[in-house]
Amino acid sequence: MGGRILGLDYGTKTVGVAISDPLLLTAQELETITRERASALRHTLVRIKELCQEYEVSEIVLGYPRNMDDTEGFRCQDTLEFKALLEKRVDIPITLIDEQLTTVYADEILEESGVAKKDRKKYIDQIAAAIILQEYLDNK
């Protein structure tokens with residue numbers, strides 16, 4: 001198949017982005033894409049497409065935010081709608097992966113690293129994306 005895997009943590013105003021190494025062993029944080037309104041997705045979709053081309057991405061892993069009781073809430077529906085929009089932009093398979101507690105883990109990593117609470121927002125989504133992607137790579 002070839003190519004890297006892109007990991008995405010989709011949120012209401014941000015998308016955390018991570019990328020695998022060329023050997024598909026490790027995930028690295030890449031960036032956080034922000035938008036003014038939850039519905040303003042055009043720039044986000046364009047940026048993801050650019051990253052897919054730049055890194056020669058062959059697959060996208062998208063976090064799927066099930067509830068703790070494993071039910072699917074409104075955020076799952078939002079994620080599925082985002083996935084459908086993204087599929088129209090990129091001709092790359094998109095795999096959904098359970099993302100329960102990834103933001104909690106990302107916050108713990110930042111806290112342990114000594115990042116001040118006020119500065120964590122800049123990094124938390126891309127670290128969550130890296131956690132989602134790393135879990136996928138480890139289970140592949």
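In this predicted model, Glu 56 counts as exposed, its relative accessibility being 62%, since the term applies to values over 50%. Glu 56 belongs to the loop that connects α1 with β4, and its phi is near 50°, which is a positive value in a residue other than glycine. A positive sign deserves mention because most residues other than glycine have a negative phi. Leu 24 likewise has a positive phi, near 65°, and is a residue other than glycine. Leu 24 is found in the loop between β2 and β3, and with a relative accessible area of 26% this residue is partly exposed, because that description covers the range between the limit for buried residues, under 20%, and the limit for exposed residues, over 50%.

The loops that hold these two residues can be placed within the chain as a whole. The secondary structure of the protein consists of 4 helices and 5 strands, and, read from the N terminus, the elements follow one another in the order β-β-β-α-β-α-β-α-α. The 5 strands are assembled into an open sheet, in which the order is β3-β2-β1-β4-β5 and the pairing is mixed. The edges of the sheet are occupied by β3, residues 27-34, and by β5, and each of these has a single partner strand, so one side of each remains without a neighbour in the sheet. From one strand to the next, the twist averages 25°.

Strand β4, which comprises residues 57-64, is largely enclosed by the rest of the structure, because 8 of its 8 residues are buried. With strand β1, residues 4-10, β4 pairs in the parallel sense over 5 bridges, and within this pairing Ile 5 has Glu 59 of β4 as its bridge partner. Strand β4 is also joined by 5 bridges to strand β5, residues 94-98, and these two strands run parallel. In this second pairing, Leu 62 stands opposite Leu 96 of β5, while the bridge partner of Gly 63 in β5 is Ile 97.

Helices are packed against the sheet as well. Helix α1, residues 42-54, lies across β1, β2, β3 and β4, and runs at about 150° to β3. Helix α2 also packs on the sheet, where it touches β1, β2, β4 and β5, and the direction of α2 makes about 165° with that of β4. Helix α2, which spans residues 74-89, forms together with β4 and β5 a β-α-β unit that is right-handed.

The overall dimensions of the protein were also computed. For a chain of 140 residues, a compact globule would be expected to have a radius of gyration near 14 Å, and the value for the protein is 14 Å, so the two agree. The C-alpha trace spans about 40 × 35 × 30 Å along its principal axes. Of the 140 residues, 43% are buried, and the accessible surface of the protein amounts to about 7800 Å², with 50% of this surface belonging to carbon and sulfur atoms. Finally, when contacts between residues at least 6 apart in sequence are considered, 62% of them join residues that are at least 24 apart.

Key:
Residues are numbered from 1 along each chain as its sequence is written. This is a predicted model: local features need pLDDT of at least 70, side-chain atom pairs count only at pLDDT 80 or more; totals for chains, interfaces and linings use all residues. Side-chain values use heavy atoms; hydrogens and water are left out. Buried means under 20% relative accessible area, exposed over 50%, partly exposed in between (1.4 Å probe, protein chains only). Two strands pair if DSSP finds at least two bridges between them. A crossover is right-handed if, with the strands pointing away from the viewer, the path from the first strand over the helix to the second runs clockwise. Axes are lines fitted to C-alpha atoms, for helices over the stretch in contact, and angles run from 0 to 180 degrees between N-to-C directions. Contact means heavy atoms within 4.5 Å. The radius of gyration is taken over C-alpha atoms; the globule rule is 2.2 Å times the number of residues to the power 0.38. Accessible areas come from the Shrake-Rupley method with a 1.4 Å probe; for residues, only the protein chains shown count as cover.
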